[in-house]
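Here is a short set of exercises to help you find your way around a new structure. Try each task before reading its solution.

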Amino acid sequence: MNCGCENGAWKIRSYGYYPKTAQYFQEITLLECFEIPEEKPDMERITGVNIMPEVVSVRLVKTREAVSYSGQNLTGYKLVAELTFEKRIKYVAELPCQSVHAAHGPRCMRSAFIVVPQVIACVDTEDLVLDDEYNISAHVLFADAQMIDERTVQLSAVILVNAVFCEEVSACSDVNTSQSR
C-alpha cells in the first residue's frame, strides 16, 4: 500500500493482483461516497481501504453481431456477471487517543458484460455455460479512498472481471483427427 498527502488530503491506494492472461474479461469501475456511521468518531486520516467483490450470478445472453465504435468485435454472445461489493476503510479517529476504527460502506451491485465467442475449443459456448465449464473471478486492480471531510469518504476502484472456460475439451482433437483422414 501507498500512503501519502496530496494537496492536504490524505489518500490511500492499494493494488491487487490479476491473472497473467485474461482472454474474456471486462474492467468495471466503482466511484461512490459514503458517510461514517453516527456512532463512529470523526476521521483524522484514512489508513486502509478494502473492497471485496463477490460474483452472485452469471447468465449468457445473445446479442447482435457487430463491430463496436471502439473496434471491439461483438460476437453475438455476452456473459452477464452480477457482482456485489463490500467496502471497508480503516481510519485514525480525530480523538486525543487517535484510536483506529473501521467503517463499512453500503453494499452495491454492478454488472459486467463480457464478450465471448460462439464457439470455444470446438464447443458451443452455450453448452459450456449450461455444463458449468467456466469460472468467473473478480480482481481488485486498484482501490482508492479519499477523505472529503471528517465524516465523508470517496471510494474508487477498478475491478477486472475475468471469465475462464474449460480448455481441456476432447472435441477439438476428435474434429482434427477426422479432418486429416
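**Exercise 1. Find out what share of the chain's residues is buried, then describe its layout.**

Begin with burial: in this predicted model, 37% of the 181 residues of the chain count as buried. Next, look at the surface, where the accessible area is about 10700 Å² and 48% of that belongs to carbon and sulfur atoms. Then turn to the secondary structure, which comes to two helices and ten strands. Walking along the sequence, you meet these elements in the order β-β-β-β-β-β-β-β-α-β-β-α. Finally, consider how far contacts reach: among those between residues at least 6 apart in sequence, 73% join residues at least 24 apart.

**Exercise 2. Locate the largest nonpolar core and explore one of its residues.**

Start with the core itself, which has 37 residues. Ile 89, Val 153, Val 161 and Phe 165 have the most contacts inside it. Now ask which elements supply at least two residues each. They are strand 3 (24–35), strand 4 (43–67), strand 5 (73–93), strand 6 (100–116), helix 1 (125–130), strand 9 (134–149) and strand 10 (152–165).

Take Phe 165 as your example. Setting aside neighbours within four places in sequence, its contacts include Tyr 24, Leu 79 and Val 116. Leu 128 and Val 129 are also among the contacts of Phe 165, and so is Tyr 134.

**Exercise 3. Describe the surroundings of Ala 103.**

First, place the residue: Ala 103 lies in strand 6. Second, check its accessibility. Because its relative accessible area is 1%, under the 20% cut-off, Ala 103 is buried. Third, list its contacts beyond four places in sequence: Phe 34, Ile 36, Pro 37, Lys 87, Arg 88, Ile 89 and Tyr 91. Last, compare positions along the chain and in space: Ala 103 and Val 153 are 50 residues apart in sequence, while their C-alpha atoms are separated by 9.8 Å.

**Exercise 4. Work through the salt bridges. Which parts of the chain does the pair Arg 110 and Glu 32 tie together?**

The structure holds eight salt bridges. In one of them, the side chains of Arg 110 and Glu 32 meet at 3.7 Å, N to O. Arg 110 belongs to strand 6 and Glu 32 to strand 3, so this pair ties together parts that are 78 residues apart in sequence. Arg 110 is partly exposed at 27% relative accessible area, whereas Glu 32 is buried at 17%. Add Lys 87 and you have a network of salt bridges linking Glu 32, Lys 87 and Arg 110.

Now try Lys 62, which forms a salt bridge with Glu 126, their closest N and O atoms being 3.9 Å apart. With Lys 62 in strand 4 and Glu 126 in helix 1, the pair ties together parts that are 64 residues apart in sequence. Here Lys 62 is exposed, at 62%, and Glu 126 is partly exposed, at 34%.

For another example, look at Arg 45 and Glu 44, whose side chains meet at 3.2 Å, N to O. Arg 45 is partly exposed, with a relative accessible area of 27%, and Glu 44 is partly exposed at 30%.

**Exercise 5. Count the disulfides and check two cysteines.**

Requiring sulfur atoms within 2.5 Å, the count comes to zero disulfides. As a last step, look at accessibility: Cys 33 is partly exposed at 48%, and Cys 166 is partly exposed at 25%.

Note on methods: Residues are numbered from 1 along each chain as its sequence is written. This is a predicted model: local features need pLDDT of at least 70, side-chain atom pairs count only at pLDDT 80 or more; totals for chains, interfaces and linings use all residues. Side-chain values use heavy atoms; hydrogens and water are left out. A nonpolar core is a set of buried Ala, Val, Leu, Ile, Met, Phe, Trp, Tyr and Cys residues joined through side-chain atoms within 4.5 Å. Buried means under 20% relative accessible area, exposed over 50%, partly exposed in between (1.4 Å probe, protein chains only). Helices (H or I, at least four residues) and strands (E, at least two) are DSSP runs, numbered from the N terminus. Contact means heavy atoms within 4.5 Å. A salt bridge is a side-chain nitrogen of Lys or Arg within 4 Å of a carboxyl oxygen of Asp or Glu. Accessible areas come from the Shrake-Rupley method with a 1.4 Å probe; for residues, only the protein chains shown count as cover.
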